[in-house]
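Student: I would like to go through some structural labels and what stands behind them.

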Amino acid sequence: MSAYAIEIRVTPRRGLLDPQGKAIQHALDSLGFAGVGEVRAGKLLVIELDADSPDEAAARATRMCEKLLANPVTEDFAIEVGRNAGQPEAAT
Amino acid sequence: MRAVVVTFPGSNCDYDCLQVLRKVMGVDTRFIWHRERDLGDPDLVVLPGGFSYGDYLRAGAIARFSPIVEAVKRYAGRGGIVLGICNGFQILCEAGLLPGALRRNNSLKFRSHDVHVRVETKDTAFTRAYRAGQVLRIPIAHAEGNYIADPATLERLEAEGRVVFRYTTREGARGEGGNPNGSANDIAGIVNAAGNVLGLMPHPERAAEGVLGSTDGLGMFESLVAHCARARVA
């Protein structure tokens, strides 16, 4: 069993109007940042999870997203599994 | 007739619903805490407005896992009448009792003011006291009321007459000026396929007594009381 730091990115579904992203895009534009295309604003969830393997950690994180963390009507999610900081690498 | 109003941590329209049902309509009404698992045997279940669980994650996303929601699902599955107002509508969508989702208003602002909604179908337990096409003035108070569903779902809702309330202008016209939040098809409220679960963003309970400035919401409660009286005789 190792502790994994799971990072889950939840973003508004591509193709749906994202009013928050739009407002940020306009703000960047008006500040003079050139070349800003579409902006989408989502959320980042960092979860510590004990699991036997990175695959198992990713599979459980996927179920968490499907059940609670992302709304399937409006949001997409992406999962990244990393080893927990401060946790020693497992001896081989 | 017996009604229950479900209280979640963060509900804040529960007393408004109790006031209308108990004091204005004379219905035997009680609160039920979200940790309960048994609704009793009510004729009506109301999921009131508010900010259940602080709207953390998404509005309604955590409340839908409250124990009482399982009981509400079973009750709705048996044909029981469920009314979700504002946060209650959001919970019904998150729980899968109604299709679609409610996203951030397109203005990004919390909108708290009267709106006009048109009664699109009077043939429901919730709207029979209204005239079809009647325009109601009812307040909204929400930041996430922007209804969305995939195109096939929207088409089905329209084809089956399940869009019950639509935002319009004072004159009942669609388009610019009526829609306060960017909702698809100007949708303010929908009903499930069986016709017993309705969710809407506007607050009829805040427009049910003269002192509140509008009584246009009262018709919904009159419709429900009449429906339940008929259902009991039948």
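The talk below covers aromatic pairs, then a pocket.

Tutor: This is a predicted model; local features need pLDDT of at least 70, side-chain atom pairs count only at pLDDT 80 or more, and totals for chains, interfaces and linings use all residues. Residues are numbered from 1 along each chain as its sequence is written, chains are lettered from A in the order in which they are written, and side-chain values use heavy atoms, without hydrogens and water.

Student: Why is the pair of Tyr15(B) and Phe31(B) called edge-to-face?

Tutor: Rings of Phe, Tyr and Trp (its six-membered ring) pair if their centres lie within 6.5 Å; planes under 30 degrees apart are stacked, over 60 edge-to-face, the rest tilted. Here the centres are 4.8 Å apart and the planes stand at 70 degrees, so the pair is edge-to-face.

Student: What makes Tyr15(B) exposed?

Tutor: Buried means under 20% relative accessible area, exposed over 50%, partly exposed in between (1.4 Å probe, protein chains only). Tyr15(B) has 57%, so Tyr15(B) is exposed. Phe31(B) has 27%, so Phe31(B) counts as partly exposed.

Student: How do you know that Phe89(B) and Tyr147(B) are stacked?

Tutor: Their planes are 10 degrees apart, with 6.1 Å from centre to centre. Both fit the stacked cut-offs. Phe89(B) and Tyr147(B) are buried.

Student: What makes nine residues of the lining of the largest pocket charged?

Tutor: Asp, Glu, Lys and Arg count as charged; Ala, Val, Leu, Ile, Met, Phe, Trp, Tyr, Cys and Pro as nonpolar; the others, Gly among them, as polar. The lining divides into 10 nonpolar, six polar and nine charged residues.
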